[in-house]
Amino acid sequence: MEISYNPSIALQSHQSLIIATIVTLLPLLLAVRSLLFRRPHKPNVSPPAPPAGKEETKQATPSCSCNGTSGSEAFLNGDKATPAEEDMVTADVSKVAAERQSGASMMEQLVPEITTHALSYLDYPSLCRLSMTNSLMRKAANDDNAWKALYHKDFTLEQDSITPVNGWKAYYAATRAIMNVNTEFFNIIRNRSLTAMSCFWLNADYVKCVHASGEHFSGYNAVIQSWQLAFNWEQGVDFQVRDVRARVLTDMAWVTMKTFVDMDSGPFNMTNIFEFHHGRWYLVHHHSSVMLLADADMEHQIVHG
């Protein structure tokens, strides 16, 4: 019997075997492929330390990637950083903080110098009002150098070498207070008010008054009687006061000045001494002397009272 070979029949008979073989080999091929392309596992070891020269070069290089993202930004975005990256982040933060602190210190040093110079052009009321604006101006307005400059401008340069116990601001206020009291003394003379003069002097047995006439009076009662006589004999005198100098201590102050009844005549040289009692200043000593011009060819003769 002759058996004929038909390829189509043979293919049909082996179709199921071919499909089963492909299904079996496909996972095997995929497994082999995954093994061939897998990256080898690197042990977590620290790289060797670079030479000294290379290390200095690395430290001088900014820690930034090509796309502009630094290591500190990657750390802040949630990526896990290595210890070296953490050190770099700490160094960056410290550097920024140091720069900011340095800038703040420069401003604190610069602003007082500028403001103190500007404040030297202000008067006493303006400086006081400025201190109530904000904390920065309050600090500047309370600067001792500003008040020292204002004192020299308003009063005298004679006391440049002294160091006030409570600072120049308090010394300026005390000097201005005694100047105002001294001005009140001349207002009382102008108004010829014996009552006001009686309250102006300290009621003590050691107070003294020397008038320009040369008469000397000691004790409160005698001093007040001398002013009563002066007010009865003379009209109210409007003194022009010049060259006022004051020195203020804790509970004592003295004021020296030149006064003119007529600017064409000679001045009266006056000294007033005050003591501080019960929250106010009282006059305890007054001395007046007049400079007379007897003749144009004669020297000035000073008559002390």
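**Figure 1. Lys148 pairs with a partner beyond its own helix.** At 24% relative accessibility, Lys148 counts as partly exposed. This close-up, like the others here, shows a predicted model. Lys148 makes a salt bridge with Asp160, and the closest N and O atoms are 3.6 Å apart. Helix α7 (residues 144-154) holds Lys148, while Asp160 sits in the loop between α7 and α8 (167-191), so the pair ties together parts that are 12 residues apart in sequence. Asp160 is partly exposed as well, with a relative accessible area of 40%. Side chains of opposite charge can pair when their charged atoms come close.

**Figure 2. Arg176 and Asp154 join two helices.** How many salt bridges does a search of the whole structure find? There are three, and here you can meet another of them: the side chains of Arg176 and Asp154, at 3.7 Å from N to O. Arg176 belongs to helix α8 and Asp154 to helix α7, so this pair ties together parts that are 22 residues apart in sequence. Arg176 is partly exposed at 26% relative accessibility, and Asp154 is partly exposed with a relative accessible area of 32%.

**Figure 3. Glu158 and Arg245 link distant parts of the chain.** In this salt bridge, the closest N and O atoms of Glu158 and Arg245 are 3.4 Å apart. Glu158 is in the loop between α7 and α8, Arg245 is in strand β3 (residues 240-248), and the two are 87 residues apart. Is Glu158 buried or exposed? With a relative accessible area of 58%, Glu158 is exposed, whereas Arg245, at 29% relative accessibility, counts as partly exposed.

**Figure 4. Helix α8 from end to end.** Follow the 25 residues of α8 from the first C-alpha to the last and you cover 37 Å, close to the 36 Å expected at 1.5 Å a residue. Just after α8 comes Arg192, whose phi is positive, near 50°.

**Figure 5. Aromatic rings meet in pairs.** Across the whole structure, a search finds 14 aromatic pairs. In one of them, the ring centres of Phe155 and Tyr172 are 5.1 Å apart and the planes are at 45°, so the pair is tilted. Phe155 lies in the loop between α7 and α8 and Tyr172 in helix α8, so the two rings tie together parts that are 17 residues apart in sequence. Phe155 is buried at 15% relative accessibility, and Tyr172 is buried with a relative accessible area of 0%. The rings of Phe185 and Trp227 have centres 5.8 Å apart and planes at 85°, so this pair is edge-to-face. Phe185 is in helix α8 and Trp227 in helix α10, so the pair ties together parts that are 42 residues apart in sequence. Both Phe185 and Trp227 are buried. Ring pairs also link residues into a cluster, with Tyr124, Trp147 and Trp168 among them.

**Figure 6. Tyr220 and its surroundings.** Tyr220 lies in helix α10 (residues 220-233) and counts as buried at 16% relative accessibility. Where does the side chain of Tyr220 reach? It reaches the backbone oxygen of Ser198, at 2.8 Å. Leaving aside neighbours within four places in sequence, Tyr220 is in contact with residues including Trp201, Leu202 and Val207. From Tyr220 to Lys208 is 12 residues in sequence and 7.7 Å in space, C-alpha to C-alpha.

**Figure 7. A charge over a ring.** The charged end of Arg280 sits over the ring of Tyr282, 3.9 Å from the ring's centre.

How values were computed. Residues are numbered from 1 along each chain as its sequence is written. This is a predicted model: local features need pLDDT of at least 70, side-chain atom pairs count only at pLDDT 80 or more; totals for chains, interfaces and linings use all residues. Side-chain values use heavy atoms; hydrogens and water are left out. Helices (H or I, at least four residues) and strands (E, at least two) are DSSP runs, numbered from the N terminus. Buried means under 20% relative accessible area, exposed over 50%, partly exposed in between (1.4 Å probe, protein chains only). Contact means heavy atoms within 4.5 Å. A polar contact is a pair of N or O atoms within 3.5 Å; within protein, one must be able to donate a hydrogen and the other to accept it, and residues adjacent in sequence count only if both atoms are side-chain atoms. A salt bridge is a side-chain nitrogen of Lys or Arg within 4 Å of a carboxyl oxygen of Asp or Glu. The expected span of a helix is 1.5 Å times one less than its number of residues. Rings of Phe, Tyr and Trp (its six-membered ring) pair if their centres lie within 6.5 Å; planes under 30 degrees apart count as stacked, over 60 as edge-to-face and the rest as tilted. A charge sits over a ring if NZ of Lys or CZ of Arg is within 6 Å of the ring centre and within 35 degrees of the ring normal.
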